[in-house]
Amino acid sequence: MSTTAERSAVGAELALEMYRRMTLIRLFEEQANELYRTAKMPGLTHLYIGEEAVAVGVCSALRRDDWITSTHRGHGHCLAKGAEPGRMFAELLGKEAGYCRGKGGSMHIADHENGNLGANAIVGGSAGIATGAAFTAKRRGRGQVAVCFFGEGALGQGLVYEVMNMAALWALPVVYVCENNLYNEYTHYLEATAGELLARPRAFGIEAREVDGQDVRAVYAEASDLVERARAGGGPAFIVANTYRYHGHHVGDVDRAYYRAKEEEELWRSERDPLALLGTWLEAQQLAAAADLRRLEDDARGEIERALAFALDASFPDPSQVTEDVFA
Amino acid sequence: MSSPSALVSAGTRTLSFAQAINEALAEELRRDPTVFVLGEDVAEAGTPFKVLSGLVEEFGPERIIDSPISEAGITGLGVGAAMTGMRPVVDIMFGDFLTLVMDQLANQAAKTHYMSGGKLKVPLTLRTTMGATRRSAAQHSQSLHAWVAHVPGLKVVLPSTPADAKGLLKAAIRDDNPVVFIEDKMDYAVKGEVSDGELDIPLGVADVKRVGDDVTIVATSSMVRAALEAAEQLAADGISAEVVDPRSLVPLDVGALVRSAQKTGRAIVVDEGHRAYGASAELAAVIAEGAFWSLEVPVRRLAALDVPIPFSPPLEDVTVPTPELVAQAARELCGK
């Protein structure tokens, strides 16, 4: 299937919806950063700003009953799979109205109604879960697919290879999405990665492709191709989405000069921003005017403000809930 | 050896521990299409212990699945399958390999229900083994049940008889939580009476394997046999020992242990895990906390020595408690 042909099939409606979702993620994350800076949020969080096109491009290719697993940098995946920002903010704040009743926090949001099996604070830890979900999908035969989001740092953990081997052996409908944002925490991935990234899945005979993770249309095109292939029984696939984390490893990682240059950050922000790239394309194709995009942004801003107010007003769980939910 | 739990109304058959495990799996595989078995050499080989022989012939390779030698991977796959509606039974050949699956057990399976605020469930059963004296040396002989019992969110079951093995495994598979089910390798050939009918043995209910008045011996897994043999020896000396098998470490039937210790006034805990920070320490502590004012003497612990399990038979044989050691401890407690 021609990637270019697929890409051109991204019509106005889908492109605008992807623009809206990426905007929602960007604004959500800006507010999450503010919650940290103003000491309203307990603990830390890992921002997805800069990587929005990966989650939105991939999740736009999924059905609601498809499953995803997510990472410590998971707010983008969660929103892209359909979660409500209000209940997400509530979880970030440890409130009872949060997706996990405040017990999970930023690094563990799960939204099972939308097929999100949860964010995971072990970088390769969810690879087994996604592969197991794909096992269930194959057994059920309803055409469901599982997507495993992880960062390139997770390629250092053995579990990923154990389950890719089984996914390939048993032709499981799982798509491994490696978000290569260049940094394993504070270390450039090239200092920690021998050989070629794509050679790793290919060693198992897994279809593996590289995509510009800042171009949401390109991500969507590759993801839909590989997701539909998996749905049809074609087995697992692997996508390396080249992207960039605008902020630090977490919100407290503000002095980054020792591991990456300011110029590099500015270059990605100014030249490779996923929202700007899609906005420019929409205007050039005359699918949207600048005013349309501004209106979308204003609507998203309103949604985020209402969500935040809801979460700030929400109650903390009663301490008596601490012993609930240990066992089902 | 009188055993209240052996009193059954329906007909009974004599089964080995291994046959009982096999029957439990077969019955649950027949009953529930979401149950499947995943592990190394579980299909045609029926595991190195031949516990699963015949299952692949009845249920096929789609449900009795030979896996790569990837303990973490199959456990992780099991967690994901369980979260999405299946009831996997993951087979980890040797308990020593729990070391390889700990992230998937402790960080994923155990915490998913809690971290999701009760929304996600992990009805996973992980079967594995324990037990020394098989001349298998330090990496195939450990009893690591305390490692998993320490993690909130995991249930931990240690059956000691064929009937308990069958009933508890069926309960584990039907449970909506991750259950680590640990079988002593030395028990597989042990025979016992098993009821023909549906066994109803809930997790978390201790069983008095022998009733007595002078001393309580709380024993787990194959140490129950050691305790029962010790009780026979003690009877000859005029000491009446009560043998209590908790059957599961999590949930733990604290009440049953405390009641027995309150009745006899003396308690010994026998467990095949290492002594330091082990299951025997926890069992002794709950008895000391709950029955302190009834105890004539401090609670005694018998456990594996705090050494890696050695290969050489004369060395290995002194690492784990024996009936003689249990009886000797009981005599000391009873002042005889």
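Biologist: Why is strand 11 (residues 241-245) of chain B called mostly covered?

Modeller: A residue is buried if 20 or more other C-beta atoms, placed from the backbone, lie within 10 Å of its own. In strand 11, five of its five residues meet that criterion, and so the strand is described as mostly covered. This is a predicted model, in which local features need pLDDT of at least 70 and side-chain atom pairs count only at pLDDT 80 or more, while totals for chains, interfaces and linings use all residues. Residues are numbered from 1 along each chain as its sequence is written, chains are lettered from A, and ligands are numbered from 1 in the order in which they are written.

Biologist: Which way do the residues of strand 11 of chain B point?

Modeller: B:Ala241, B:Val243 and B:Asp245 point one way, B:Glu242 and B:Val244 the other way, and all are buried. In a regular strand, side chains alternate between the two faces of the sheet.

Biologist: What makes strand 10 (residues 215-219) and strand 11 of chain B a pair?

Modeller: Strands, which are DSSP runs of E with at least two residues, numbered from the N terminus, pair if DSSP finds at least two bridges between them. Strands 10 and 11 of chain B share four bridges, in the parallel sense, and therefore pair. B:Thr216 stands opposite B:Glu242 in strand 11 of chain B.

Biologist: How does strand 9 (residues 207-210) of chain B run against strand 11 of chain B?

Modeller: These strands run antiparallel and are joined by three bridges. B:Arg210 stands opposite B:Val243 in strand 11 of chain B.

Methods: Buried ≥ 20, exposed ≤ 12 C-beta atoms within 10 Å, placed from the backbone.
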